[in-house]
Amino acid sequence: MSYDKPLPVPDPESRPFWEAAKAHRLMVQRCASTGEYHFPPTTFCPGTALERPQWVEASGRGKVFSWIVVRHPTPKDVYADEVPYAVGLIELEEGCRMTGNIVGVGVDEIFADMLVQVAFRDVTDEITLPVFEPAKAS
Amino acid sequence: MWALRDKYAIAGIGCTDFTRASGRTVRSLASEACAKAVADAGLKLDDIDGIISFNFNDSAPAMGVATELGIPRANYAVDFQSGGNAANLITLTATAAIEAGLAKNVLCFRAMNGRSGFRLGGGRDMSAHGITQYTAPFGWITYPQAMAMWRRRYMIEYGADDEGLAEIAVTFRDNAVLNPRAMQRTPITKDDYYNSRPIVDPFRMLDICLESDGACAVLITSAERAKDMPHKPVYIMGGAYGGGPNQGDDLFDAIRWPDHSHNAFKYLADDLWGSAGIRPGDVDVAQVYDCFTYSVLMALEGLGFCKEGEGGDFVQGGRIARTGALPLNTAGGLLSEAYIHGFNHVIEAVEQLRGVSGPRQIKDAEICLTTAGAMTCASAMLLRN
């Protein structure tokens with residue numbers, strides 16, 4: 001059966017992110033003049049005079065800044081078999097935030113500042129989505 | 001102090017029935033509310049030369065409404081591409097347009113088939129463009145899901161007690177029971193709140209506002225002209241619109257918002273109180289944007305009625321009831337009256353200040369606050385009689 005959930009439509013700003021995800025690498029942007037990492041991507045570094053950010057590979061490690069657990073599926077036909085599922089707002093080690101599903105842990109077991117690491121799910125031939133799972137003990 | 005303080009007034013109001021299925025076009029709902037507001041102000045359609053709305057999701061264009069009504073000179077017909085955050089922005093903009101000589105008598109309206117047409121609580125396109133490509137593919141799609149992320153962060157910072165949210169839901173429903181316009185008039189208890197269906201943790205069904213078909217409109221004119229109109233003028237004392245840094249690409253996007261335990265109201269509070277030269281303690285009654293129970297806490301905290309993290313305690317003990325020190329959402333709010341994207345709050349504010357709210361009237365109400373918006377940008381207004 002074909003994949004029936006919302007899919008990202010890469011654009012000139014996001015294409016490097018999705019292409020890297022397909023290769024199972026997590027990329028974010030870094031602004032050289034400030035040293036700050038940021039996400040979602042933009043063409044120019046915020047707070048600068050049109051400086052172009054660089055794409056850099058993130059460590060993939062972070063912690064749960066906030067999260068939700070979806071119990072009621074919307075749209076119903078698309079998510080009926082998925083609930084309950086968790087969506088996290090993840091603070092990456094680099095300091096910027098990213099959204100993604102939190103997997104590999106019961107939805108009632110998630111807690112604030114839980115350490116997570118990125119994994120990848122190839123959902124179509126073109127698109128790979130990052131997900132976050134509990135960090136393995138190092 | 002705001003240069004336009006008390007120089008402009010709301011002189012007419014109008015609204016349609018609030019329903020689940022209007023069976024009508026959105027434009028016709030808007031036209032009905034607008035025509036009623038014009039008549040309420042004792043004016044004729046020929047007197048109208050401005051018309052403003054905001055149109056995130058489902059709406060009708062201002063010039064289309066002017067066309068259906070047959071307004072001959074709709075000079076300042078403007079649509080803001082904004083959500084509930086603009087419900088007070090458009091009224092403030094009307095004062096600016098009149099002051100600038102662009103119009104004299106301006107209609108402001110919001111109309112939507114929010115239940116039978118485009119449902120904000122429903123899904124989105126399966127192709128996730130723009131900022132949505134970082135949210136929708138993870139099943140983070142609806143506004144309850146968006147706001148739940150804020151609420152969770154607040155709980156991490158300040159504790160997971162939902163008692164204040166229960167108090168808000170029950171109190172607003174109690175007000176709606178006395179409001180013939182309200183869509184939900186069956187009393188509820190705190191047990192009903194806690195037992196309502198989990199939708200998206202940490203929100204239950206009774207944390208989430210209604211979806212409604214309907215329209216509301218107000219007529220803004222100069223204080224001078226308003227004095228000769230049929231109703232007691234309701235003066236615009238002050239107002240503010242805005243937010244903080246990193247407001248995001250759209251209303252949903254708060255990925256870069258610095259701290260989700262407060263929203264835009266923290267950033268516009270000083271502008272709001274400074275515009276009218278009053279303080280929170282001067283407010284007699286308030287209509288606070290309640291797309292979610294939690295939004296009320298963020299507005300009260302952000303605007304300085306209480307400290308951040310203390311809203312849940314602040315709203316308890318009868319303080320926000322009709323007999324309390326700060327009666328809130330006296331018509332039932334978006335939670336229990338209707339969701340006309342916050343514009344129904346403006347109608348209720350005017351009725352309270354005219355003193356015509358019947359059994360839900362707040363005695364001696366002289367100053368009413370209205371707020372609009374719940375996330376990274378918002379608007380607010382201070383009205384007086």
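Is D108(A) buried or exposed in this predicted model? With a relative accessible area of 58%, D108(A) is exposed, because the cut-off for that class is over 50%. The legends below begin with this residue.

**Figure 1. D108(A) and R71(A) form a salt bridge within chain A.** The side chains of the two residues meet with a distance of 2.9 Å from N to O. D108(A) belongs to the loop between strand 7 and strand 8 of chain A, while R71(A) belongs to the loop between strand 5 and helix 2 of that chain. The pair therefore links distant parts of the chain, 37 residues apart. R71(A) is partly exposed, its relative accessible area being 27%.

**Figure 2. R71(A) also takes part in a salt bridge with D201(B).** The closest N and O atoms of R71(A) and D201(B) are 2.6 Å apart. Across the interface of chain A and chain B, one salt bridge is found. Between the two chains, 22 residue pairs are in polar contact.**Figure 3. Chain A and chain B meet over an extended set of residues.** In this view, 39 residues of chain A are in contact with 36 residues of chain B. The two chains bury about 3,200 Å² between them, and 62% of this area lies on carbon and sulfur atoms. In chain A, P6(A), P40(A) and I68(A) lose the most area to chain B, together accounting for 17% of what that side buries.

**Figure 4. Several elements of chain A supply the side that touches chain B.** Between the chains, the count of residue pairs in polar contact is 22. Among the elements that give two or more residues to this side are strand 1 (7-8), helix 1 (15-22) and strand 9 (128-134) of chain A. Strand 5 of chain A provides the largest share, six residues. By residue class, this side of chain A divides into 25 nonpolar, nine polar and five charged residues.

**Figure 5. Strand 1 of chain A pairs with strand 5 (residues 127-128) of chain B.** The two strands run in the parallel sense and are joined by two bridges. At one of these positions, L7(A) has S127(B) as its bridge partner.

**Figure 6. Three strands of chain A form an open sheet.** The order of the strands is 3-2-4, with antiparallel pairing. Strand 3 (37-38) and strand 4 (54-57) of chain A are the edge strands, each pairing on one side only. Strand 2 (residues 27-30) and strand 3 of chain A are connected by two bridges, and the bridge partner of R30(A) is Y37(A).

**Figure 7. K22(A) and E126(A) form a salt bridge in chain A.** Their closest N and O atoms are 3.8 Å apart. K22(A) lies in helix 1 of chain A and E126(A) in the loop between strand 8 (115-122) and strand 9, so the pair ties together parts that are 104 residues apart in sequence. K22(A) is partly exposed, with a relative accessible area of 42%, whereas E126(A) is exposed, at 56%.

**Figure 8. Helix 2 (residues 62-69) of chain B has buried residues covered by other elements of the chain.** The buried residues are A62(B), G64(B), V65(B), A66(B) and L69(B). Their cover includes helix 1 (26-40), strand 2 (50-54), strand 3 (76-80) and strand 4 (106-113) of chain B. Just after the helix, G70(B) adopts a positive phi of about 75°.

**Figure 9. Strand 12 (residues 377-384) of chain B pairs with strand 9 and strand 11 of chain B.** Seven of the eight residues of strand 12 are buried, so this strand is largely enclosed by the rest of the structure. Strand 9 (residues 234-243) runs antiparallel to strand 12 and is joined to it by eight bridges. Strand 11 (residues 367-372) also pairs with strand 12 in the antiparallel sense, over six bridges. L382(B) in strand 12 is the bridge partner of G238(B) and stands opposite L369(B). In the hairpin of strands 11 and 12, which has four residues between the strands, G373(B) takes a positive phi near 105°.

**Figure 10. T330(B) is buried in a loop of chain B.** The loop lies between helix 10 (311-314) and helix 11 (333-336), and T330(B) has 0% relative accessibility. Its side chain makes polar contacts with the side chains of E348(B), at 2.7 Å, and Q352(B), at 3.3 Å. Other residues that T330(B) touches include N175(B), V285(B) and R360(B).

**Figure 11. E348(B) and R360(B) form a salt bridge between buried residues.** The closest N and O atoms of the pair are 2.8 Å apart. E348(B) lies in helix 12 (residues 343-354) of chain B and R360(B) in the loop between helix 12 and strand 11, so the pair ties together parts that are 12 residues apart in sequence. Both residues belong to a network of salt bridges that also links R181(B), E337(B) and E351(B).

Conventions:
Residues numbered from 1 in each chain as written. Chains lettered and ligands numbered in written order. Predicted model: local features only at pLDDT ≥ 70, side-chain atom pairs only at ≥ 80, totals over all residues. Heavy atoms only, no water. Buried < 20%, exposed > 50% of the residue type's maximum accessible area, 1.4 Å probe, protein only. Contact = heavy atoms within 4.5 Å. Buried area = accessible area lost by both parts, 1.4 Å probe. Salt bridge = Lys/Arg side-chain N within 4 Å of Asp/Glu carboxyl O. Polar contact = N/O pair within 3.5 Å; in protein donor to acceptor, adjacent residues only side chain to side chain. Nonpolar A, V, L, I, M, F, W, Y, C, P; charged D, E, K, R; others polar. Pairing = 2+ DSSP bridges. Lists of a residue's contacts leave out its neighbours within four places in sequence.
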